[in-house]
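Dear colleague,

I am handing over the structure below, and my notes on what was found in it follow directly after. Please read them with the coordinates open beside you.

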Amino acid sequence: MQKDGMSKLQEDASPMDPRTLKIEAAAAALTYVEDGMRLGIGTGSTAEEFVRLLAKKVEEGISVIGVPTSERTAALCRELSVPLLTLEETPQLDLTIDGADEIDAQLNLIKGGGGALLREKIVAAASSRMIVIADASKFVDVLGAFPLPIEINRFGLAATKLAIERVAAGLGLSGALTLRVTGGDAFVTEPFVTDGGHLILDASFGRIPDTRALSNALHAIPGVVEHGLFLNLAHTAILAGADGIQTLQR
Ligand code: 5RP
């Protein structure tokens, strides 16, 4: 329903509109970008708003090199003429800007809702600094309401799933491990395959009190390629909410 005296356009552009919040967070992150920087560029709808704003800056003459965290981001950057190199060509980055599915007060994150967690983590780890951009609804007390994406090798899926359930139980965690699927029609679904050719299990553990213990335990399972807990990687979080921008530093 349209509010009194408000055009549809104004309503769409209201600060509560999720896309507006993503654009605001992305615009705030853009102020950290300096001429000559080597930038890790994240994946997802918020990161894509950042790419659109960055492309305008490039058009205006700023010189940056981007390293994309997914094929999807790479395609958007190419379409908008944001200069790209691979991480092979530029193994050290100044700054990565990426979205997140959850962010806690220590700036630990859950990422991987868009399926790019492996490349996102490699790129973030290769960067001197990581800025996370999100709407304020992504801020949580304890990580885990968002199902934790776990990227696994295709070989031994059932065995890897069992091993994850076992280590989770050892930490007092339980919940469904759901193989991520994509595409198809109402009757046919395909497993979602990451840019690295792997599968994703989404783990509905609920609150994860000891994220470091879970991270270590998952890394010890041979079939686990990577997981979506990003611990001690983000330095700054820019959260856009109805009351404006909040910047958290670690
Ligand atoms: C992709 C990610 C995304 O950054 C995360 O899912 C947030 O996406 P969005 O900005 O669309 O909410 O981790 O793997």
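I begin with the pairing of strands, where L39 in strand 1 has L95 in strand 3 as its bridge partner. Please keep in mind throughout that this is a predicted model. Strand 1 and strand 3 run parallel and are joined by three bridges. On its own account, strand 1, which spans residues 38-41, is covered on both faces, with R38 and G40 buried on one side and L39 and I41 buried on the other. Strand 3 shows a comparable arrangement in its own residues: L95 and I97 point one way, T96 and D98 point the other way, and all of them are buried.

Strand 1 is also joined to strand 2 (residues 65-68), in this case by four bridges and again in a parallel sense, and within that pairing R38 has I65 as its bridge partner in strand 2. Strand 3, for its part, is joined to strand 6 by three bridges, the two strands running parallel, and T96 stands opposite M130 of strand 6.

Elsewhere there is an open sheet of three strands, in the order 4-5-13, in which the pairing is antiparallel. Strand 4 (102-103) and strand 13 (229-230) stand at the edges of this sheet, and because each has a single partner strand, one side of each is left without a neighbour in the sheet. Strand 4 is linked to strand 5 (residues 109-110) by two bridges, with the two strands antiparallel, and E102 has I110 in strand 5 as its bridge partner.

Turning to the ligand, 18 residues surround it, and the closest of them are G44, T46, G99, G113 and G114. The elements that give two or more residues to this shell are helix 3 (45-60) and helix 5 (117-125), and the largest share, three residues, comes from helix 3. Sorted by class, the shell holds four nonpolar, ten polar and four charged residues.

Which residue does UniProt list for "active site"? The unreviewed entry lists E120 under that heading, and E120 is found in helix 5. E120 has 32 other C-beta atoms within 10 Å and is therefore buried, the cut-off being 20 or more. Leaving out residues up to four places away in sequence, E120 touches G42, T43, T69, D98 and K111; D98 is also one of the buried residues of strand 3.

A second glutamate that you may wish to look at is E49, whose place is in helix 3. With 23 C-beta neighbours inside 10 Å, E49 counts as buried. Once its neighbours within four places in sequence are set aside, E49 is in contact with K22, I23 and A26. E49 and R19 are 30 residues apart in sequence, yet their C-alpha atoms are 8.5 Å apart in space.

Helix 2 (residues 18-30) has 13 residues and reaches 19 Å from its first C-alpha to its last, which is close to the 18 Å expected at 1.5 Å a residue. The buried residues in helix 2 are L21, K22, E24, A25, A26, A28 and A29. What covers these buried residues includes helix 3, strand 3 (95-98), strand 6 (130-135), strand 14 (236-241) and strand 15 (244-249).

With best regards

Key: Residues numbered from 1 in each chain as written. Predicted model: local features only at pLDDT ≥ 70, side-chain atom pairs only at ≥ 80, totals over all residues. Near = placed C-beta within 6 Å. Nonpolar A, V, L, I, M, F, W, Y, C, P; charged D, E, K, R; others polar. Pairing = 2+ DSSP bridges. UniProt positions renumbered as here; feature names shortened; annotations may be inferred. Buried ≥ 20, exposed ≤ 12 C-beta atoms within 10 Å, placed from the backbone. Contact = placed C-beta atoms within 7 Å. Expected span 1.5 Å × (residues − 1).
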